[in-house]
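Trainee: I'm new to this one and would like some help reading it. Could you walk me through the picture step by step?

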Amino acid sequence: MIRLWSIAKLQIRKVSTSESRFCRDVLFNGVVRRQFTSTSGERRTVMSFGDGSHGALGLSSSSLIPGMGMDAYEPTVVSNLPSDISFISAGHYHSLAVTSGGEIWAWGRNDEGQLGRIAIDSRDSRSEPKKVEGLDNVNVRAAFASGVVSAAIGDDGSLWVWGRSKRGQLGLGKGIIEARVPSRVETLASEHVVKVSLGWGHALALTVDGKVFGWGYVADGRVGNVGLPLEASLLDSITDGSMKGQNAADLNLDAAEKKVVEAMSKENDMPIAWEPRLVEETRNVKVADIACGSDHSLILCHDGTLLSSGSNIYGQLGRSKQDLGMKPVDITESPISIAAGLGHSLAICNSDERKILSWGWNRSRQLGRGKPEHLPREVEGFDGENPASVSAGRVHSLCVTEKGEAWVWGCGKNGRLGLGSSSDEPEPMLLEDIEGCVLQAVAGFDHSLILVAE
């Protein structure tokens, strides 16, 4: 979901009286976006649930249920945060929150410097939210997290990154693999960036005028054509060769992760775009939204065309043909918003009524529906609900509706669904007992965050 600011010619669509007073729809490039407005005395609360082993929940030991370790099985308030949080992001193992005053707070894993702190925290203190350093002169409006890198966008459209990535995900120039404090991406200094999406080692940036830039690890054409040779990743070749005909989507989570680690350890001469480059397939079109999964990407064009690229071993590209490159998804609906996880994809579509389509890996029922899994099909159990935004984690999915409610489905391990158990849910389940309007729900790899207006 894109948070919009200082964008001319916004058209505000009147919302129904059943919707929260905090919520409204905004038409941006013809695509409906959910935007949330502040009211006098309104308090924003961030809540977290799921795997807390890396500190990504931001919870103190006193907030956790005895016997559950560091995990939280129900939404729990992240303390020590300001009351004016306006935007949240969940990385693989860390979390970010932006205030209305333009500050970023971060917590969780910091082994690669993704929290933007010069001093390295002790293992015990990483769950404590603290301000990101080095952005005092930047009025931040949105922040985005991956596994090893974090990014922030200023209200002037500037893009700032920090962390460590040997795959060029920082976009700061050839051979630059580390930034301990936020550094500006100078290649995009002349552009007004409104959204960034980060995969495992690649990234996409969307500008206010609908251009898309890609950088980082580019195997499988996962960022489209950026002027480098198109080649298959070693990951796919190793995975296909080792399974001897077994369907990749049938791998359990541990086996799939093992294959990824094996492949990554054997990569040497990785094809890398060290700085952002214009995605050629979008040169003559206007783009409305972007989403990066771990090793694939989605690009939604202003005319409703949905493009996908990258790995397709789980069917996450949503197309029958297996050819490399940025190609159209086999979808007949009209997408208006997209999300991508480890090996699955989600799209909110407009037809007679708004619905969510899903495709890709479904081992833990993160698609919210049955087969066929490699092509877009409707998520089941959403009758009468109007989805406003979606987010995809490793093997779970989240949705916020126009009524300001959060729905969850997929893998429940470590409590990442927030439903009080570790059970998987094959269909969307309402996250009950939330006091207030849910403004945003985001999925990390194994944890989730929600932003609530009370």
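**Reading strands, cores and cavities**

Mentor: Sure, and keep in mind that this is a predicted model. Let's begin with a strand pair: strand E7 (residues 94-99) and strand E8 (residues 104-108) run antiparallel and are joined by five bridges. For instance, Ala97 has Trp105 in E8 as its bridge partner.

Trainee: Which order do the strands of that open sheet have?

Mentor: There are four strands, in the order E6-E7-E8-E9, and the pairing is antiparallel. E6 and strand E9 (130-131) are at the edges with a single partner strand each, so one side of each has no neighbour in the sheet.

Trainee: How do I read a nonpolar core?

Mentor: In soluble globular proteins, nonpolar side chains tend to be buried together. Here the largest nonpolar core has 51 residues, and Ile104, Leu135, Leu159, Val196 and Ile299 touch the most other members. Strand E10 (residues 140-145) supplies the largest share of this core, five residues. There is also a second, separate core of 18 residues, with Leu59, Ile88, Ala90 and Ala97 among them.

Trainee: And what about empty space? How many cavities of 30 Å³ or more are there?

Mentor: Rolling a probe the size of a water molecule over the atoms shows where empty space is left. In this model the count is seven cavities of 30 Å³ or more, and the largest has a volume of about 570 Å³. Its lining has 39 residues, of which Ala90, Ser197, Ala340, Ser391 and Ala443 are the closest to the centre.

Trainee: How does the lining of the largest cavity divide into nonpolar, polar and charged?

Mentor: It's 23 nonpolar, 14 polar and two charged residues.

Terms used. Residues are numbered from 1 along each chain as its sequence is written. This is a predicted model: local features need pLDDT of at least 70, side-chain atom pairs count only at pLDDT 80 or more; totals for chains, interfaces and linings use all residues. Side-chain values use heavy atoms; hydrogens and water are left out. A nonpolar core is a set of buried Ala, Val, Leu, Ile, Met, Phe, Trp, Tyr and Cys residues joined through side-chain atoms within 4.5 Å. Buried means under 20% relative accessible area, exposed over 50%, partly exposed in between (1.4 Å probe, protein chains only). Helices (H or I, at least four residues) and strands (E, at least two) are DSSP runs, numbered from the N terminus. On a 1 Å grid over the protein atoms alone, a cavity is a set of points where a 1.4 Å probe fits but cannot get out, and a pocket is an open set with protein on both sides within 12 Å along at least five of seven lines; lining residues have an atom within 4 Å of a point. Grid points are joined across faces, edges and corners, and a volume is the space filled by probe spheres set on the points. Ala, Val, Leu, Ile, Met, Phe, Trp, Tyr, Cys and Pro count as nonpolar, Asp, Glu, Lys and Arg as charged, and the others, Gly among them, as polar. Two strands pair if DSSP finds at least two bridges between them.
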